[in-house]
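Subject: Structure handover

Hello,

Here is the structure for your files. My notes on the sheet and the helices come after it.

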Amino acid sequence: VLRFVQRLPDDGTLLYCGNDRGASELAGLLNERAHSYDVTYYGALPKRLDAADDVPAVLKPLVKAVDRMAGAIEARYEADQDVPDLALPGEHNRLNASGALMACIETGADRVLAIRGIAGFGGAERRLQVLQDGDITVIDDYAHHPTEVEASIGALRSKYFSTSSSPELNAKRRLVVVYQPHLYSRTAGLIDEFAKALSAADFVVLTDIYPAREDPVPGVSSSRIAELLRVPHLYVPNRHLLARKVAALAKPGDVIVGMGAGNISEFAPALIEELDRQPPTANRQQSLKIVVAYGGDSAEREVSLHSGREVAAALKSKGYAAELIDFTEVLLSKGDLAKLTGPDRPDAVFLAVHGTHAEDGAIQGLLELLHIPYTGSGIQASALAMNKDLTKSILKAQGLRVPDGVLLKSRMDECRIKAPAVVKPNAQGSTVGLSFVENEEDLKPAVERAFAYDEAVLVEEWVRGMEISVPVLGDRPLPPVEIVPKGGRYDFASKYLPGATEEIVPARLPESTLQRAKEIALQAHKALNCEGATRTDMIVPEGDEPVVLEINTLPGMTATSLLPNSARAAGISFENLVEWMLEDALKRHAAKT
């Protein structure tokens, strides 16, 4: 800087901010060297430097020079008082305006015109740039050093939270600073200073460091700044989620500023789009965008196609904007997830998929990564319920009756269960690869058939009795459905072919048994920490306690499905059932935000 300044021509003028210690020290160094150009200052320094107690030693040689130039300095100093209220807030902008005015005067500009122009200056891009001024004010700012952060926050305080503002407005207003540190090297040495500067806000949202040209530095993270903040705060490591998170916490009257020198510049425009997409209270159905996931790559793909179409039709009949998407088709073709990201993303995904990569937590995991609400249980409960052997272990530990069985992990494993038995893949849909084995010689072929669908096969005792299925909606069990397959066995064809099975609601059981089946279904639902709608399949031996076979976390939603039939018996239409499942998902995921 010193070498640059010394390139001034003999008739030049150096203006420096007297409030800046570094600039003042540089001016002192220049005064020690021979030069013919004028050196003067602007800002709120004492009118007589020798009257100040904290004059840097390097400035002492300037005192006599200032005294000799008292008249000129006085005129220049008073120029600071001529700057009227500025369009830009903050003391730092007032000092900048004072320097600009001094420069105009030095170059011979008309004083009055200069003052008018400076006062009306709206600012440079990303320098406290107001992008939205309304119920919620949105601002973009380039500050990325603690001193700049402090100055910007002070400027916003003076403009939006001054004593002249309405007391009621000030009481409800918050200054929300969304900050992205710039460079690991800069952040490493200024963690305490950043925390102190940011703590002048009412609420701080931190995202991870913008690295620019640097590699990550071990132990340097925005979370270390967050730990030292003295105000309420939120740490959002991925900047792509900032707009969603901040929109969710924003309140009327808030002044929200995105701050930093990196790609945090994308935040403020994204926040405005996010605020615009928040669904209004009136005509809520029309404002929500719902994706119905159907298809998939499991053995129950065709069933899922039917479920998806019927669910989409039900949602549309209720006024929702519903779109069908086959996630497997999207991912395995172009892999374009554009419809699931950005401001046009869906408000929720209705899962009308079944089997592997659907009921096992796979699609739930994808939606969790995309931060999109979805119907049904979460990742853990879905994965547990899909594993029939593990489900039985959990339910047995809860005191519920389950069939005796053995899990075969290879064709060579010894099977202690003898015929009659039920053989099924351990992690597939409830009837996929299922065999009812009457004779011992049919056991091995049935195991081979099940291994074609899964890497593990479950062989269980064949519990005889009435087969029932008990749906649960949230914490409410629905009427048990009695399943009467015309062929005598409830296999894939009996389950999905119209007319192949008679479904009787409520099941023809004593009231005490029906009530006990409901209690068991709800207990099983809670034991696996399930959410939304589930369906628990049971066998009720004559005069005995129901035996739990498995839990379905994404029950079928076709015309022949058990859940809709039970819901109708409880007075819930198919359309209302679908809407309940959607609204339940939106409420649950909103509570997690």
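The notes below cover the model, then the sheet, then a pair of helices.

This is a predicted model, in which local features need pLDDT of at least 70 and side-chain atom pairs count only at pLDDT 80 or more, while totals for chains, interfaces and linings use all residues. Residues are numbered from 1 along each chain as its sequence is written, and side-chain values use heavy atoms, without hydrogens and water.

Six strands (DSSP runs of E, at least two residues, numbered from the N terminus) form an open sheet with mixed pairing, in the order 3-4-8-5-6-7; a pair requires at least two DSSP bridges. Strand 3 (129–132) and strand 7 (233–235) are at the edges with a single partner strand each, so one side of each has no neighbour in the sheet. On average, neighbouring strands are turned by 20° against each other, direction ignored (axes are lines fitted to C-alpha atoms, for helices over the stretch in contact; angles run from 0 to 180 degrees between N-to-C directions).

Strand 6 (residues 203–206) runs parallel to strand 7, joined by three bridges, and Val205 stands opposite Leu234 of strand 7. Helix 13 (residues 267–276) packs on the sheet and touches strand 3, strand 4 (137–141), strand 5 (175–179) and strand 8 (255–259); contact means heavy atoms within 4.5 Å, and helices are DSSP runs of H or I, at least four residues. The direction of helix 13 makes about 165° with that of strand 4.

The axes of helix 7 (residues 146–160) and helix 10 (residues 191–198) come within 9 Å and cross at roughly 0°. That makes the two helices roughly parallel (angles under 35 degrees). Pro146, Val149, Glu150 and Ile153 of helix 7 meet Glu193, Phe194, Ala197 and Leu198 of helix 10.

Regards

Terms used. Angles under 35 degrees count as roughly parallel, over 145 as roughly antiparallel, 65 to 115 as roughly perpendicular and the rest as oblique.
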